[in-house]
Amino acid sequence: MEVQARKLMLTLAIVVKGPDHLDTILPGVRALAVRRVAYDARPEYWDEASIWMLEQGMGHAFTPVVEASWIATYSALSDALIEAAHG
């Protein structure tokens, strides 16, 4: 799980640095989604688990404004994740 968390954080760091270039990271995001299926991760929990992980990692810096921004950012990727993993 730690490895997956690290990979997600790297992917999200790329998103933060270049949200206008999501098309360049979507292949990697889709590959991550396919790997999640192998771990029996259910799509309905992906957003919640990812936001929880960010909250744990950021601690006090995870303010309501930061949370709202990450939810919006992650939602932009969520559909691509689910579609790649489950068709």
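What follows is a short chat about a predicted model of one protein chain.

Visitor: How many helices and strands does the protein chain have?
Guide: In this predicted model, the secondary structure of the protein chain comes to four helices and zero strands, and the pattern read along the sequence is α-α-α-α.

Visitor: Okay, and what share of the residues is buried?
Guide: Of the 87 residues in the protein chain, 30% are buried.

Visitor: What about the surface, how much of that belongs to carbon and sulfur atoms?
Guide: The accessible surface of the protein chain comes to about 5800 Å², and carbon and sulfur atoms account for 60% of it.

Visitor: Back to the inside, then: which residues have the most contacts inside the largest nonpolar core?
Guide: The largest nonpolar core has 13 residues, and those with the most contacts inside it are L12, L54, W70 and L77.

Visitor: Which helices each supply at least two residues of this core?
Guide: Those are helix 2, spanning 22-38, helix 3, spanning 43-58, and helix 4, spanning 64-86; helix 4 gives the most to this core, with five residues.

Visitor: You mentioned L12, so what does L12 touch?
Guide: Leaving aside residues up to four places away in sequence, L12 touches L54, W70, Y74 and L77.

Visitor: Why are nonpolar side chains buried together?
Guide: I can only put it as a general tendency, which is that in soluble globular proteins nonpolar side chains tend to be buried together.

Visitor: Switching topic, what share of the contacts with a separation of 6 or more is between residues 24 or more positions apart?
Guide: In the protein chain, residues 24 or more positions apart account for 71% of the contacts with a separation of 6 or more.

Visitor: Now some single residues: is T24 buried or exposed?
Guide: T24, whose place is in helix 2, counts as exposed because its relative accessibility is 58%, which is over the 50% cut-off for that class. From C-alpha to C-alpha, T24 and I14 are 9.7 Å apart in space, while in sequence they are 10 residues apart.

Visitor: And where does K7 lie?
Guide: K7 lies in helix 1, which covers residues 2-17, and K7 is partly exposed, with a relative accessible area of 34%. K7 and V29 are 22 residues apart in sequence, and their C-alpha atoms are 9.8 Å apart in space.

Visitor: Last one, where is the place of I71?
Guide: The place of I71 is in helix 4, and at 38% relative accessibility I71 counts as partly exposed. I71 and I51 are 20 residues apart in sequence, with a distance of 7.1 Å in space, C-alpha to C-alpha.

Note on methods: Residues are numbered from 1 along each chain as its sequence is written. This is a predicted model: local features need pLDDT of at least 70, side-chain atom pairs count only at pLDDT 80 or more; totals for chains, interfaces and linings use all residues. Side-chain values use heavy atoms; hydrogens and water are left out. A nonpolar core is a set of buried Ala, Val, Leu, Ile, Met, Phe, Trp, Tyr and Cys residues joined through side-chain atoms within 4.5 Å. Buried means under 20% relative accessible area, exposed over 50%, partly exposed in between (1.4 Å probe, protein chains only). Contact means heavy atoms within 4.5 Å. Accessible areas come from the Shrake-Rupley method with a 1.4 Å probe; for residues, only the protein chains shown count as cover.
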